[in-house]
Amino acid sequence: MTSTTLSTSPPLFARTSAEPTQTHISDDPSSFMQSQDAPDIDQIELLSVSWNQDYGCFAAGTSQGFRIYNCQPFKETFRRDLKSGGFKIVEMLFRCNILALVGGNSNFHYPPNKVIIWDDHQSRCIGEFAFRSDVRGVKLRRDRIVVILEHKIYVYSFMDLKLLHQIETLANPRGLCCLAHHSNTSVLACPGLHRGQVRIEHFGLNRMKLINAHDSHIACLTLTFDGLLLVTASTKGTLIRIFNTMEGTRLQEVRRGVDRADIYSLALSPNAQWLAVSSDKGTVHIFHLRVRVFGEDSSSRQSSVQGPALFHQNSSTSLDALITPSTGANPGSSLSFMRGVLPKYFSSEWSFAQFHLPEDTHQFIAAFGSQNTVIIVGLNGSFYRCSFDPANGGEMLQQEYVKFLETDSRPR
């Protein structure tokens, strides 16, 4: 039996579905303490860090609650501390007052099988979904809430919380899923039902595409702002591949390294010209992408079109329109002219610029800032800003370092 309850603040409703065991509106604003009333804690565990949709902010889930930070300039925007425990997932919706929260294992009030819809303007929980298994990830866009379980993904309408889509996946303990955020497109990427496979849902076109991206399991994936490009890495972590999501064709392949690595994050610059890759090797690699883009202004994050121009999308010649001349190209082997004769390694494209983190940062994620800068956040409470030379590449220069949180986080 289903029930519906109307919230009195944002236009959110709560509705149960076949899979969630319950969904209800909370009227207990006392579960959180405002930052000025928060206890003074010198050592807390940092459970997660995640960017908002335009990389202008990031959220930190801690063993005591959550904190929100602005990236440019760097500052803590606010924090909320919880009496009953912390959050392992904190998902922002750009810079608005609505967040999605998932409790950590030690949070007895909000267990890890619940998704909390939190209105920070009212400082209270306005709704929650409860599932039969732990939530692995949550993704938001202005019209959708996406909840990722280990074997299934649920897509809800943001306006009325109505269940729109259910997607079966291969075992997905990392909670891999990404959304396009352009208002004119509705694209979702997630693991398929087979190893190394990615499923692309073009909801607006009622079209689904399966891409066999890697031989190994998918470790990380991301989409351009408009959802027309997909970037993937496997659990092997040596090769990064870029695909056209409409046709599933591979447009480019770059090499992070030779040794196996755990890829922590993939991030595209707003104009899809640059790709940032972070891994457990302690290095952020920047690659130049050879895809055609409409604009070169990387500072405009929400322009009408931010992505590759897909011409003749149903034609076999569309690859020619997507690939640009290799100006500012990634370096390759001096033996690359013998492509097809020597092993594939010798024709690889290597990173254009690199930043070696000067400390053990545990797990860390990277994204693009303004004016050829890269921002990096680590689970040890470190924030870095560094710059790269778009003409010559090479070693990036550190511009800023902030220790935003003293933690007792451990490598995961």
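Here is a short chat between a student and a tutor about this predicted model.

Student: How many helices and strands are there in the chain?
Tutor: Let's start with the overall make-up. Of the 412 residues, 58% count as buried, and the accessible surface comes to about 17300 Å², with 48% of that belonging to carbon and sulfur atoms. Residues 24 or more positions apart account for 47% of the contacts with a separation of 6 or more. As for the elements, the chain has 1 helix and 33 strands.

Student: Over which residues does pLDDT stay under 50?
Tutor: The chain average is a pLDDT of 80, and 74% of the residues score at least 70. One stretch below 50 is 333–338, with 6 contacts in the model beyond near neighbours in sequence. Where pLDDT is low, don't read the predicted coordinates in detail. The other stretch has 82 contacts beyond four places in sequence, and its pLDDT stays under 50 over residues 1–31.

Student: What is the strand order of the open sheet of 5 strands?
Tutor: Build it up from the pairings. β27 (residues 283–288) pairs with β28 (residues 353–356) in the antiparallel sense over 4 bridges, and β28 runs parallel to β32 (residues 394–395), joined by 2 bridges. At the edges sit β25 (263–268) and β32, each pairing on one side only. The pairing is mixed, and the order reads β25-β26-β27-β28-β32.

Student: Which residue in β32 is the bridge partner of Gln 354?
Tutor: Gln 354 falls in β28, which covers residues 353–356. On the β27 side, Thr 283 stands opposite His 356 of β28. On the β32 side, the bridge partner of Gln 354 is Glu 395.

Student: How many residues lie between β7 and β8 in their hairpin?
Tutor: β7 spans residues 65–71 and β8 spans residues 74–82, and 7 bridges join them in an antiparallel run. One facing pair is Phe 66 opposite Arg 80 in β8. The number of residues between the two strands of the hairpin is 2.

Student: Is Arg 141 buried or exposed?
Tutor: Arg 141 lies in strand β13 (residues 137–141). Outside four places in sequence, Arg 141 touches residues including Leu 93, Phe 158, His 181 and Ser 186. The cut-off for burial is under 20% relative accessible area. Since its relative accessibility is 6%, Arg 141 counts as buried.

Student: Which side chain joins that of Arg 141 in a polar contact of 2.6 Å?
Tutor: Two polar neighbours are worth a look. A polar atom of the Arg 141 side chain lies 2.8 Å from the backbone oxygen of Thr 185, but that one is a backbone atom. The side-chain partner at 2.6 Å is Asp 143.

Student: Which element gives the largest share of the largest nonpolar core?
Tutor: That core has 21 residues, and Val 115, Phe 131, Val 135, Val 138, Ile 145 and Val 147 have the most contacts inside it. The elements giving two or more residues are β10 (98–103), β11 (114–119), β12 (124–130), β13, β14 (144–148) and β15 (152–157). With 3 residues, the largest share comes from β10.

Student: How many residues does the other core have?
Tutor: First, a member of the largest core: Ile 145 is in contact with Ile 117, Tyr 154, Val 155 and Leu 161, among others, leaving aside neighbours within four places in sequence. The other core lies apart from the largest one, and among its members are Ile 44, Ala 60, Cys 71 and Leu 379. Its residue count is 19.

Key
Residues numbered from 1 in each chain as written. Heavy atoms only, no water. pLDDT = per-residue confidence, 0-100. Contact = heavy atoms within 4.5 Å. Pairing = 2+ DSSP bridges. Buried < 20%, exposed > 50% of the residue type's maximum accessible area, 1.4 Å probe, protein only. Areas by Shrake-Rupley, 256 points an atom, 1.4 Å probe, with all protein chains shown as cover. Polar contact = N/O pair within 3.5 Å; in protein donor to acceptor, adjacent residues only side chain to side chain. Core = buried A, V, L, I, M, F, W, Y, C linked by side-chain atoms within 4.5 Å.
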